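Colleague: I've got a new model open and I'm not sure how to read it. Could you walk me through it?

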Amino acid sequence: MEDKNTTILLAEDEENIGTLLCDYLKAKGYQADLYLDGEKAFRGFCAKKYDICILDVMMPKKDGFMLAEDIRSISPEIPIIFLTAKNMKEDLIHGFSVGADDYMTKPFSVDELVLRIEAILRRIRTFSNDTEKTVFKLGNNTTFYYGKHTLVVCDKEIKITAKESEILRLLCMNKGGVLDRNSALIAVWNDDSYFNARSMDVYIAKLRKYIEQDPDVEIVNVRGKGFKLVY
């Protein structure tokens, strides 16, 4: 799945680890740039187009969470993977709440990291290449452009993340029925673990906030089962 045109921003303040990861990604066919602190990484992001970002959480000057928020303010749709030595529930939830697509706790396998990168990029490219099932009209005032990761609610355009797009598309495809919680977790994360379940709740809450301007569209909880898109 390697693509020589794929550009990766790698922010890692431990130079030895960062250099090893960067060299490994290049060996796998990616174009990768290493930045040793959050401020340099953000300047690099502003200066060059990247397809995916890999961010260490604990960095000087600007930590990974702050960097992700700054990146999201410019490019809400770009996928982000966090690397961290932390494994507290709160940190995982915080990571997903600022738009993470994946989260790896150190130490980790570099081969697994590459597989996760490929899985995310494969989903993104599927979105881009799917021209027949990418537009969903939700009532009279809301339109969801799946391939563009965009919601238009009451004439206001909102950029959403790849994960949010995946979840909303599943909700759209299950209109009139219930989106089973565990099935959604497997479909989006390939894992129905506690942490992924909590992160999905964060994304559902964010989707609700996006569409709250349209009183005719609603995501409701179905107790003990999952979620339902109503419009």
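**Reading the fold**

Modeller: Start with the parts list: the chain has 8 helices and 12 strands. Helices (H or I, at least four residues) and strands (E, at least two) are DSSP runs, numbered from the N terminus. This is a predicted model, so local features need pLDDT of at least 70 and side-chain atom pairs count only at pLDDT 80 or more, while totals for chains, interfaces and linings use all residues. Residues are numbered from 1 along each chain as its sequence is written, and side-chain values use heavy atoms, with hydrogens and water left out.

Colleague: How compact is the chain beside a globular protein of that length?

Modeller: We use the radius of gyration, taken over C-alpha atoms, and a globule rule of 2.2 Å times the number of residues to the power 0.38. Here the radius is 18 Å, close to the 17 Å the rule gives for 231 residues, so the chain is as compact as a globular protein of that length. Its C-alpha trace spans about 50 × 35 × 35 Å along the principal axes.

Colleague: And what share of the residues counts as buried?

Modeller: Buried means under 20% relative accessible area, exposed over 50%, and partly exposed in between (1.4 Å probe, protein chains only). In this chain, 49% of the 231 residues are buried.

Colleague: Let's try one residue. Is Thr161 buried or exposed?

Modeller: Thr161 is buried, at a relative accessible area of 5%. You'll find Thr161 in the loop between strand 9 (156-159) and helix 6 (162-173).

Colleague: Which residues is Thr161 in contact with, leaving aside neighbours within four places in sequence?

Modeller: Contact means heavy atoms within 4.5 Å. With those neighbours left aside, Thr161 touches Arg72, Pro76, Glu77, Gly99, His149 and Tyr203. Glu77 is 84 residues away along the chain, yet the two C-alpha atoms are separated by 4.5 Å.

Colleague: How do helix 6 and helix 8 cross?

Modeller: Axes are lines fitted to C-alpha atoms, for helices over the stretch in contact, and angles run from 0 to 180 degrees between N-to-C directions. Angles under 35 degrees count as roughly parallel, over 145 as roughly antiparallel, 65 to 115 as roughly perpendicular and the rest as oblique. The axes of helix 6 and helix 8 come within 10 Å and cross at roughly 75°, so these two helices are roughly perpendicular. Among the residues making this contact are Ile167 and Leu171 of helix 6 and Tyr203 and Leu207 of helix 8.
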